[in-house]
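Me: I should like to go through the labels attached to this model one by one, and to see for each how the value stands against the rule behind it. Could you take me through them?

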Amino acid sequence: MFVRQAVCLGMIVLACGPAAYAQEADVQARISQLEAEVAELKAIVKTLQSNIQTQTVPGSMSQEKPVEPAPANVTAEDQKTLGFLRDTTINLGLDTYYAYNFNRPVGRVNLLRAYDVLSNNISLNQANVIFERGPNLSSGRRFGARLDFQFGQATAALQGNPANEPRPEIYRNVFQAYGTYVLPVRSGLTIDFGKWAGSLGIEGNYTKDQMNYSRSFYFFYLPSYHTGLRSTLQVNDKLALNYWMTNGTNQTETTNGFKDEFFGFAAKPVQAVTWTANYYLGQENPNRIAAPPSNPVPVQEGLSFKAIEPAPDGRAHIFDSYVTWQARPKLTMALEADYVIQRLWRHTAAGRSSAPSHVAGGAAYMRYEFTPKWALGGRAEYLSDRGGLFSGLTQALKENTVTMDYKVDDGFLLRYEWRRDFSNQPSFLSQIQGVLSKSQSTATVGLIWWWGRKAGAW
């Protein structure tokens with residue numbers, strides 16, 4: 001019986017053998033094909049890894065990112081266009097707010113505020129468009145440029161004041177416009193020429209980069225923009241030296257022939273501390289005033305002047321310093337100190353200089369990030385205005401501000417703020433015409449949006 005079963009089994013194997021062998025050969029062929037494809041994929045991955053290690057994204061001098069190889073059907077002209085677009089950032093910002101002043105002031109105006117100037121009003125603080133193509137030393141390009149357009153209430157508050165420059169309207173919406181070149185000196189000597197935002201004081205123009213929604217008294221008083229030549233020498237990774245030569249403070253076009261100068265440094269003694277110190281020398285008194293054309297020679301509107309005789313020649317000196325300490329990953333603290341002295345005349349008819357006016361004081365800041373979405377910021381400030389340089393009145397101004405941040409998403413921020421301003425002199429509007437108050441309190445909700453590839457502070 002067992003012999004019969006073995007014979008039958010052998011017959012079955014013989015009958016099925018050719019088909020099984022054919023199937024096995026087909027499997028071997030498929031395995032060989034897959035091995036060839038895997039080898040090809042490994043070669044492609046190796047090439048991509050090599051590109052990641054050796055190429056950087058243009059427009060960034062420090063951040064390395066992979067650059068995808070161009071498709072085979074892209075022409076040289078297309079590659080040039082794509083390189084330009086990859087190298088240039090286009091950024092948009094929108095800053096809006098609603099504020100309520102508990103003084104219920106006449107005209108619904110918050111006095112001595114830089115940007116949040118209106119009460120009980122849904123307001124457009126500023127809308128911004130920024131084009132930037134920075135230098136890229138890794139790809140051999142040493143030049144670049146930046147152009148910031150600004151629209152909204154902020155343009156009236158700080159951009160183009162008829163008291164500072166003769167034709168403010170034609171520059172009002174150009175917040176920054178400058179070209180850049182990096183000279184091969186030490187770690188790099190950067191030269192900017194054009195109009196740029198001032199760096200006196202720790203606060204800046206773009207709300208998303210500040211600890212609070214409202215700006216300090218010092219942000220309102222210190223220069224917000226300059227036109228001229230700006231240089232920064234990066235001595236090493238811990239020290240940078242700065243020098244400017246400008247038309248003046250908040251002047252795109254100068255009102256006198258004096259060129260203001262700025263000297264300063266930015267130091268990073270340890271990783272968590274950044275210290276900036278600045279000295280600014282200027283002459284802010286005009287030596288001419290606008291006048292109607294007195295001859296038939298055609299000129300641009302507002303380019304006819306007559307001399308002021310004698311013209312005041314007093315100097316302004318600004319000493320400004322601020323330090324930021326990243327005490328913990330979620331805790332940031334900062335201090336600012338400022339001293340300004342200004343005279344109308346260096347030499348009077350009696351041979352003496354005129355009496356000076358002073359602004360002195362400082363501000364303290366703190367911000368704690370509870371979660372990636374929630375943060376709390378605070379500011380306390382003191383400003384002594386002797387001679388009325390800032391407010392037009394000799395007084396001691398103080399303010400306390402608390403700001404709660406809620407980051408809805410990357411590019412959308414809500415800010416809730418309580419602020420109280422007070423003085424030793426009646427300085428703020430009340431609900432009664434002609435009656436001033438020694439204090440004002442405001443509650444503000446700010447909504448800030450921004451889009452674009454520019455990383456970090458704008």
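## Labels and the rules behind them

Me: Why is F102 called partly exposed?

Reply: The relative accessibility of F102 is 45%, and the rule calls a residue buried under 20% relative accessible area, exposed over 50% and partly exposed in between, with a 1.4 Å probe and protein chains only as cover. F102 therefore counts as partly exposed. The model is a predicted one, in which local features need pLDDT of at least 70 and side-chain atom pairs count only at pLDDT 80 or more, whereas totals for chains, interfaces and linings use all residues. Residues are numbered from 1 along each chain as its sequence is written, and side-chain values use heavy atoms, with hydrogens and water left out.

Me: How many aromatic pairs are there, and what makes two rings a pair?

Reply: The count comes to 18 aromatic pairs, where rings of Phe, Tyr and Trp (its six-membered ring) pair if their centres lie within 6.5 Å, and where planes under 30 degrees apart count as stacked, over 60 as edge-to-face and the rest as tilted. Y100 and F102 form one of them, at 5.2 Å centre to centre with 80 degrees between the planes, which makes the pair edge-to-face. Y100 has a relative accessible area of 26% and is therefore partly exposed.

Me: Why is the pair of F412 and W449 called stacked?

Reply: Their centres are 4.9 Å apart and their planes make 5 degrees, so the distance falls within the limit for a pair and the angle is in the stacked range. F412 lies in strand β17 (residues 412-423) and W449 in strand β20 (residues 439-451), so the pair ties together parts that are 37 residues apart in sequence. Both residues are partly exposed, F412 at 22% and W449 at 24%.

Me: How do you know that β17 and β20 pair?

Reply: Strands here are DSSP runs of E with at least two residues, helices are runs of H or I with at least four, and both are numbered from the N terminus; two strands pair if DSSP finds at least two bridges between them. β17 and β20 have 11 bridges, so they meet that rule, in the antiparallel sense. R420 has S441 in β20 as its bridge partner. Strand β1 (residues 89-101) is joined to β20 by 10 bridges, also running antiparallel, and L92 has W451 as its bridge partner there.

Me: Which strands pair with β3, and over how many bridges?

Reply: Strand β2 (residues 121-133) pairs with β3 over 7 antiparallel bridges, and strand β4 (residues 174-183) does so with β3 over 7 antiparallel bridges. F131 is bridged to L147 in β3, while A145 has G179 in β4 as its partner. The covered face of β3 (residues 143-151) holds G144, R146, D148 and Q150, and the uncovered one F143, A145, L147, F149 and F151.

Me: What makes a charge count as sitting over a ring, and where is this found for R419?

Reply: NZ of Lys or CZ of Arg has to be within 6 Å of the ring centre and within 35 degrees of the ring normal. The charged end of R419 sits over the ring of F217, 5.2 Å from its centre, and that of K195 over the ring of Y225, at 4.3 Å. F217 also belongs to a cluster that ring pairs form with F220, Y221 and F390.

Me: Which residues touch the most other members of the largest nonpolar core?

Reply: A nonpolar core is a set of buried Ala, Val, Leu, Ile, Met, Phe, Trp, Tyr and Cys residues joined through side-chain atoms within 4.5 Å. In the largest, of 18 residues, these are L222, V359, L383, F390 and L397. Helix α4 (residues 217-221) gives the most to this core, with 3 residues. A second, separate core of 10 residues includes I130, Y213, L413 and W450.

Me: Is S357 buried or exposed, and why?

Reply: S357 has a relative accessible area of 15%, under the limit for buried, and is therefore buried. S357 lies in strand β14 (residues 357-369) and, leaving aside neighbours within four places in sequence, is in contact (heavy atoms within 4.5 Å) with residues including V340, R386 and L389. Y368, also in strand β14, has 33% and is therefore partly exposed.
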